[in-house]
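Please look through this protein chain and report on how it is put together. Keep the report short and plain, under clear headings.

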Amino acid sequence: MNPPPAHPRNVWQALPRPDFLLSSWPWRSAGYLLTGVLTGVVALVGIVITVAAGGILALVLVGLPLLVLAALSGIPVTWVERHRLRLIDRDPAPVRHRAPEAGGLWPWLTTRLRERMTWRELGYALLFAGLLWPVDALAITVALLAPLSMAATPLLMATAGDGRETKVLKQWTVTTWPTAFAAAVLGLVLLALGAYVLGVAAGARAELTRVLIAPREGDLGAKVAELARSRVRLVDAFEAERRRIERDLHDGAQQRLVALTMTLGLARLDAPPGPLADQLATAHEEAGRALAELRELIHGIHPKVLTDYGLQAAVTDAADRSTVPVDTDGLELPGRLPQAVEAAAYFVVCEALANVARHSGASRAVVSGEHRDGRLFLQVRDDGHGGADAAAGSGLTGLADRVSVLDGRLSLSSPRGGPTLLRVEFPCERTDRSA
């Protein structure tokens, strides 16, 4: 069992500590419940007045603003509740409201009336005003006021008119001093026990409030959602940068190399036979090889066929360029898919075909795929010797990470002796974007 923390952040962490009774947590719990009673009474009166006024004037123009005000009445109540939570829970209770898209009262009002949190807060305010604050009052009465009244029995007896008797909790008459002091001792014992009752009641009350208006898991859910969105944005930015580099190389460096190759070719034709002609021929051949390598580099960065014609054409082109014969008869892909999915799927297929050519010893490969039920499915199979391991530097580990960013899945089956089967799937819908 873990020891209680040295610096508790809420009353639940403070309750198991041996110094709980001497700490500020019992008083913080009592303060939380007591302010809950006061706030609940104010909330009840405010909601009753607002709803009553809105119902009476609902048939005239002023009634609509009052009804809207009734709908928004949960916002100030929960604002106070978030601040009251600090008494017994140091963890922040953030506001879950969305920011309006524009400034001004009307955008703020329409945003609040359309979001779920506003109505959730209204429901909490109604529950608070109708049920929760009486529970707070009951806990204060039983765990604090009753033991204090018993502990004050000797004082009450001493200040009584005749000094001979007093009543404990308005129920039992005390006529002797030994009985009065016994009641006081019992009151102190009950007060110590009541401190724990206050802690439990306040902790339970605060947890209910947090669940209804500011759940802790909401922070985690929001962070996960934002992380997923940021990963998608990074993928989109990465693909946009790849396309920009491809365009710059295609329209800049490649055109200059083409011009250089043509110039060297013309110079080679005009030069008389001799050492100069031989050097020009060598330079012309080197320029041609550099141009071919640049075209391969451009194609590897982001092929133009993928941008212009989509995944079906790009995968077919990759299969045609493979050194191992590839069958694509089972490839039936839709016209266009999201750019990030097309790019990731294309490079998975290219990496798989490259691995087939380099490592598998296969004589043939098959690429198949389809789009159904909002998901893209691709398979690459070869008849090689198998034994492939994605974790052994085959290049698929990075692709698997890239696929997972898009909520996709990549799996590899490659037993010894083959065959090897690579599967990948992406959740995606067809798009109507043009090239």
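## Surface and overall make-up

The chain exposes about 24,500 Å². Carbon and sulfur atoms supply 64% of that area. This is a predicted model, so every value here is computed from it.

The chain has 435 residues, and 39% of them count as buried. It holds 14 helices and eight strands. Look also at the contacts with a separation of 6 or more: residues 24 or more positions apart account for 69% of them.

## Confidence

How sure is the predictor? The mean pLDDT of the chain is 78. Of its residues, 78% reach 70 or more.

Confidence varies along the chain. It is lowest in helix α3, residues 63-71, at a mean of 60. It is highest in β6, at 90.

## The nonpolar cores

The largest nonpolar core has 37 residues. Six of its members touch the most other members: L311, L353, V367, L376, L378 and F426. Several elements give two or more residues to this core. The helices among them are α11 (304-309), α12 (311-321), α13 (339-360) and α14 (396-405). The strands are β5 (365-372), β6 (375-382) and β8 (420-427). Helix α13 gives the most, with twelve residues. Another core lies apart from this one. That core has 31 residues, including L15, W25, V37 and L198.

Now take V367, from the largest core. Leave out residues up to four places away in sequence, and V367 touches V315, V326, D327, T328, G330, L331, V349, L353, Q379 and V380. One of these partners, L353, is also on the list of residues that touch the most other core members.

## Salt bridges

A search of the whole structure finds twelve salt bridges. One of them joins the side chains of E121 and R82, at 2.9 Å from N to O. This pair links distant parts of the chain. E121 is in helix α6, residues 116-151. R82 is in helix α4, residues 74-84. The two are 39 residues apart. Are these partners buried or exposed? E121 counts as buried because its relative accessibility is 0%, under the 20% cut-off. R82 is buried too, with a relative accessible area of 8%.

Here are two further pairs. E115 forms a salt bridge with R112, and their closest N and O atoms are 3.2 Å apart. Both E115 and R112 are buried. R336 forms a salt bridge with E342, with the closest N and O atoms 3.0 Å apart. Both R336 and E342 are buried. Some bridges share partners. In this way E81, R84, D136 and R205 are joined into one network.

## A nonpolar patch on the surface

Five residues make a nonpolar surface patch: V185, L186, V189, L190 and L193. The patch covers about 430 Å².

V185 is found in helix α8, which runs over residues 177-213. V185 counts as exposed because its relative accessible area is 52%, over the 50% cut-off.

## Buried T153, exposed M262

T153 lies in helix α7, residues 153-158. Is T153 buried or exposed? At 1% relative accessibility, it counts as buried. What does T153 touch, not counting residues up to four places away in sequence? Its partners are T166, V168, V174, A180 and A183.

M262 is found in helix α9, residues 216-270. M262 is exposed, with a relative accessible area of 54%. M262 and G288 are 26 residues apart in sequence. In space, their C-alpha atoms are 9.5 Å apart.

## A positive phi in a loop

Which residue has a positive phi although it is not a glycine? D373 does, with a phi of about 55°.

D373 is found in the loop between β5 and β6. D373 counts as exposed because its relative accessible area is 73%, over the 50% cut-off. The strands on either side of this loop, β5 and β6, each give two or more residues to the largest core.

Definitions and conventions
Residues numbered from 1 in each chain as written. Predicted model: local features only at pLDDT ≥ 70, side-chain atom pairs only at ≥ 80, totals over all residues. Heavy atoms only, no water. Core = buried A, V, L, I, M, F, W, Y, C linked by side-chain atoms within 4.5 Å. Buried < 20%, exposed > 50% of the residue type's maximum accessible area, 1.4 Å probe, protein only. Helix = DSSP H or I, 4+ residues; strand = E, 2+ residues; numbered from the N terminus. Contact = heavy atoms within 4.5 Å. pLDDT = per-residue confidence, 0-100. Patch = residues over 30% accessible without salt bridge, like charges linked within 9 Å, V, L, I, M, F, W, Y side chains within 5 Å. Areas by Shrake-Rupley, 256 points an atom, 1.4 Å probe, with all protein chains shown as cover. Salt bridge = Lys/Arg side-chain N within 4 Å of Asp/Glu carboxyl O.
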